Amino acid sequence: MENGACDDVEALWEKVECKRYELCRSISPSKLTPYLRQCKVLDEQDEDEILNSMLLVSKTNRTSRLLDILHTKGERGYVAFLESLEFYYPELYKLVTGKEPTRRFSTIVDL
């Protein structure tokens, strides 16, 4: 990946990081993981860690770990996360993007 492209992805993730506190308090990871698995940005091991790790004792900790894992997936993780927010948490989608949700079908499922 070119350095410029990497910087662009980091700028996208910065929008999420700026709202991390609100996102971690509001999102239930178990609601998003099936969609994120379908988009192939999470695998079975990621999902198991997020939902079942004894080290992650609260919903907030689980959501925080979900965001950390998605961040490692770069732009694909960002797009899938926003799509999941758009569908399940439209108010949080607007908080992160400043845009109204359209609830369109995924552009990355089946890739």
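Where does Lys40 lie? Hi everyone, let's begin there. Lys40 sits in the loop that links helix H3 (29–38) to helix H4 (44–52). Please keep in mind that what we have on screen is a predicted model.

Two things about Lys40 are worth a look. Its phi is near 65 degrees, a positive value in a residue other than glycine. For background, most residues other than glycine have a negative phi. As for its surroundings, Lys40 has a relative accessible area of 59%, so it counts as exposed, the cut-off being over 50%.

Now to the helices. Two packed helices are described by the angle between their axes and the distance between the axes. Let's take H3 with helix H5, which covers residues 59–72. Their axes come within 10 Å and cross at roughly 25 degrees. Angles under 35 degrees count as roughly parallel, and therefore H3 and H5 fall into that group. The crossing of H3 past H5 is left-handed. Which residues of H3 and H5 meet? On the H3 side we have Pro29, Leu32 and Leu36, and on the H5 side they meet Lys59, Arg62, Thr63, Leu66 and Leu70. Sorted by class, that contact has five nonpolar residues, one polar and two charged.

H5 also packs with helix H6, residues 74–88, and here the axes come within 6 Å and cross at roughly 135 degrees. That angle makes H5 oblique to H6. From H5, the contact uses Leu67, Leu70, His71 and Thr72, while H6 brings Gly74, Gly77 and Phe81. By class, the count for H5 with H6 is three nonpolar, four polar and no charged residues. If you were following the names, Leu70 turned up in the contact with H3 and again in the contact with H6.

Next, Arg20. You'll find Arg20 in helix H2, residues 20–26. Is Arg20 buried or exposed? With a relative accessible area of 16%, it is under the 20% cut-off, so Arg20 is buried. Leaving aside neighbours within four places in sequence, Arg20 is in contact with Ser64, Leu67 and Asp68. We have just met Leu67, among the H5 residues that touch H6.

Last, the cysteines, since somebody at the bench always asks. Cys18 is exposed, at 53% relative accessible area, whereas Cys24 is buried, at 5%. And how many disulfides are there? The count comes to zero. Thanks for listening, and I'm happy to go back to any of the views.

Terms used. Residues are numbered from 1 along each chain as its sequence is written. This is a predicted model: local features need pLDDT of at least 70, side-chain atom pairs count only at pLDDT 80 or more; totals for chains, interfaces and linings use all residues. Side-chain values use heavy atoms; hydrogens and water are left out. Helices (H or I, at least four residues) and strands (E, at least two) are DSSP runs, numbered from the N terminus. Buried means under 20% relative accessible area, exposed over 50%, partly exposed in between (1.4 Å probe, protein chains only). Contact means heavy atoms within 4.5 Å. A disulfide is a pair of cysteine sulfur atoms within 2.5 Å. Axes are lines fitted to C-alpha atoms, for helices over the stretch in contact, and angles run from 0 to 180 degrees between N-to-C directions. Angles under 35 degrees count as roughly parallel, over 145 as roughly antiparallel, 65 to 115 as roughly perpendicular and the rest as oblique. A crossing is left-handed if the near helix is turned anticlockwise from the far one by less than a right angle, and right-handed if clockwise. Ala, Val, Leu, Ile, Met, Phe, Trp, Tyr, Cys and Pro count as nonpolar, Asp, Glu, Lys and Arg as charged, and the others, Gly among them, as polar.
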